[in-house]
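Colleague: I am new to this structure, and I would like to understand how each descriptive word is earned. Could we go through it term by term?

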Amino acid sequence: MTIDGQAAPTAGTFDVLNPATNERYAAAPECSPEQLDAAMESAAKAYRDWKADEPARREALRQAAGALMAASGELAPILVAEQGKPLSDANIEILAAGMWLQYYADLEVPREVIQDDDSAFVEVVRRPLGVVAAITPWNFPITLASWKIAPALAAGNTLVLKPSPFTPLTTLKIGELLRDVFPPGVLNVVSGGDDLGAWMTSHPVPRKISFTGSVTTGKKVAAAAAPDLKRTTLELGGNDPAILLDDVDAETAADRVFRYAFANNGQICSAIKRVYVPEALYDDVVEALATQARAKKVGDGMAPDTELGPINNRPQFDRVSELVADAVKGGARAVAGGKPMAGPGNFFEPTILADVSDGTRIVDEEQFGPALPVIPYRDVDDAVERANATHFGLSGSVWGGDADRAAQVAERLECGTAWVNTHLALAPHQPFGGAKWSGIGVENGPWGLYGFTEIQVVHRSKRI
C-alpha cells in the first residue's frame, strides 16, 4: 500500500484471482484499522499545504498523467490478470485515466463575481473540503479511480483511495508509481475487503466520500456518512434502456446496440441493459443481435484474438447465470448463448434473449454481464413508460433515422444521460450522474470538481 508517500507492508493479505482461470494470481495487502488511521492522518496533514498551492497541484497532476500513460505497458497486463478484459481494452483504460488527470490539471474554475457596485464587491469562491475517502469498483478500477483522484486533488483536497478487493493490484501499483509525483499524504492507496470500506465511510477524518458501486452498498455508504454529515457522491447501478424507433435500419442499429451492450462484457454501469424494439422490426433486430453474439471470440484477455473476456468474479458470474436461467424458465428464448462456457474461468456465452418482457428479473434488474433481453413494443409512448418504470435512472438511448424525433423521445427518459443514436459517449468535460437510485451528485467536468468543494462567499464592503 501507499501511506504518507511510503510503501506500507501489511501483516495480513488476501488472494486476488485471475477470472480467466479462477486461480490465485497474487496476494494483496490487507489494511489494518491502525494503518487506515495513519493514512487518514497523513492526508489531513498534507491537506494544509496542498490546498494552498494551486500551481503545484496542476503541475503534479500533469506529471501524474504522463507517468500513468508512460506506464501503460506495465500496468495493462496486471489489469488484465485481475479484471479479465482484453489487453487492448486495458491499455485504453490506463490511457483514459491519464486523459482525466490532464483535463483537471488544465481546468480553470474562475471566481464568480456576483456584485460589484458602490456598496460592495462580492465573490463566490470554491474551497476544498479536506480529506476525501474514495472507493472504486472492479469493472473499470483505473478509469473510475481517475474520475475521483483528478477532481478531488485539483480542487485542493487530499485522498485515501480504496480499490475493490477483486481488482486492487493495478491501483496499488499506480500508488507506487506516483509516490514521487505527489507530496507525502496527498494520495494514499489502501486495500482490503468490505470491513475496510465500512471503516473508511465511518472514519471521523474524511469530509467527503466518493463511491462507485452497487445501489445496496451505496445506501450503506450514505447511512454511514449521515451521522457526521459527510458530503457524498454516489455513482450507483443502472438498468439502461435503448429504444429503437420504427425508422431505424435494423441491422445497423443492432450492430451498434450490441457494441454498447457488450462493451467490457456487459460490465459497465451505463451499458445498454435492455432493448425495446417495434414489433415490425423485432425479428430482424433479434437475429442481427444474435448474429453478433455468435461471432464474438470469448477468451483470456491476454490472447490476441479475444474480444470478450470473462465475468470478473464468481458472485457476479453466478448472478448472471441465475438471471438467464430464470428468464429461460419463464419462457424466454435464448437466440444466442444462454449458458456458462465449459472449462475453468468465469466465461459465459454472449446471450441474446427474445420473447421476454417487463416483469422478468433480467429486464427489471441490473444483470451487469453478457446477457441482453430484447423486448417488443407497439407504441412509443408505452416504450418510454416501460423504460422509465424502474428505480434506476443512470442513462438510456434512443435510436432513429430522424435524429430530431429521436431526441424528443430521449428527453422523456428519466435518467442522468440520454444519448441519441449512440451510447456510452463519455468524456472528461461531460457531467455523468444518475437519477433516482442510480446516484447522488455528478462526476466529470467542472461539475465533478464542484462536488469536491464547498461554496464560500467573500463579501468586501466598500463603505467604511
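**Terms and the values behind them**

Modeller: Let us begin with a single pairing in the sheet: A134 has L161 as its bridge partner in β8. Please keep in mind that this is a predicted model, in which local features need pLDDT of at least 70 and side-chain atom pairs count only at pLDDT 80 or more, while totals for chains, interfaces and linings use all residues. Residues are numbered from 1 along each chain as its sequence is written, and side-chain values use heavy atoms, with hydrogens and water left out.

Colleague: What makes β7 and β8 a pair of strands, which run parallel?

Modeller: Strands are DSSP runs of E with at least two residues, helices are runs of H or I with at least four, and both are numbered from the N terminus. Two strands pair if DSSP finds at least two bridges between them, and here 5 bridges join β7 (residues 131–135) to β8, so the pairing criterion is met. Another of the partners is T158 in β8, which is matched with V131.

Colleague: Which other strands are joined to β7 or β8?

Modeller: β10 (residues 208–212) is joined to β7 by 4 bridges and runs parallel to it, with I135 having F211 as its partner. On β8, 3 bridges lead to β9 (residues 187–189), again parallel, and L161 stands opposite V189 there.

Colleague: Why is β7 called largely enclosed?

Modeller: Buried means under 20% relative accessible area, whereas exposed means over 50% and partly exposed lies in between, with a 1.4 Å probe and protein chains only. Of the 5 residues of β7, 5 are buried, so the strand is largely enclosed by the rest of the structure. V131, A133 and I135 point one way from β7, V132 and A134 point the other way, and all are buried. In a regular strand the side chains alternate between the two faces of the sheet.

Colleague: What makes the unit of β7, α5 and β8 right-handed?

Modeller: A crossover is right-handed if, with the strands pointing away from the viewer, the path from the first strand over the helix to the second runs clockwise. The β-α-β unit made by β7, helix α5 (residues 141–154) and β8 is assigned that hand. The chain then crosses from β8 through helix α6 (residues 169–177) to β9, and this crossover is right-handed too.

Colleague: How do you know that W100 and W147 are stacked?

Modeller: Rings of Phe, Tyr and Trp (its six-membered ring) pair if their centres lie within 6.5 Å, and planes under 30 degrees apart count as stacked, over 60 as edge-to-face and the rest as tilted. The centres of W100 and W147 are 5.5 Å apart with 20 degrees between the planes, and the pair is therefore stacked. W100 lies in helix α4 (residues 87–106) and W147 in helix α5, 47 residues apart.

Colleague: Why are F258 and F262 called stacked, and are they buried or exposed?

Modeller: Their ring centres are 4.2 Å apart and their planes are at 15 degrees, so this pair is stacked. Both lie in helix α9, 4 residues apart, about one turn of the helix. F258 has a relative accessible area of 3% and is buried, and F262, at 3%, also counts as buried.

Colleague: What makes K85 a charge over the ring of F140?

Modeller: The rule asks for NZ of Lys or CZ of Arg within 6 Å of the ring centre and within 35 degrees of the ring normal. K85 lies over the face of F140 at 3.7 Å from the ring centre, and the charged end of R259 sits over the ring of Y260, 5.6 Å from its centre.
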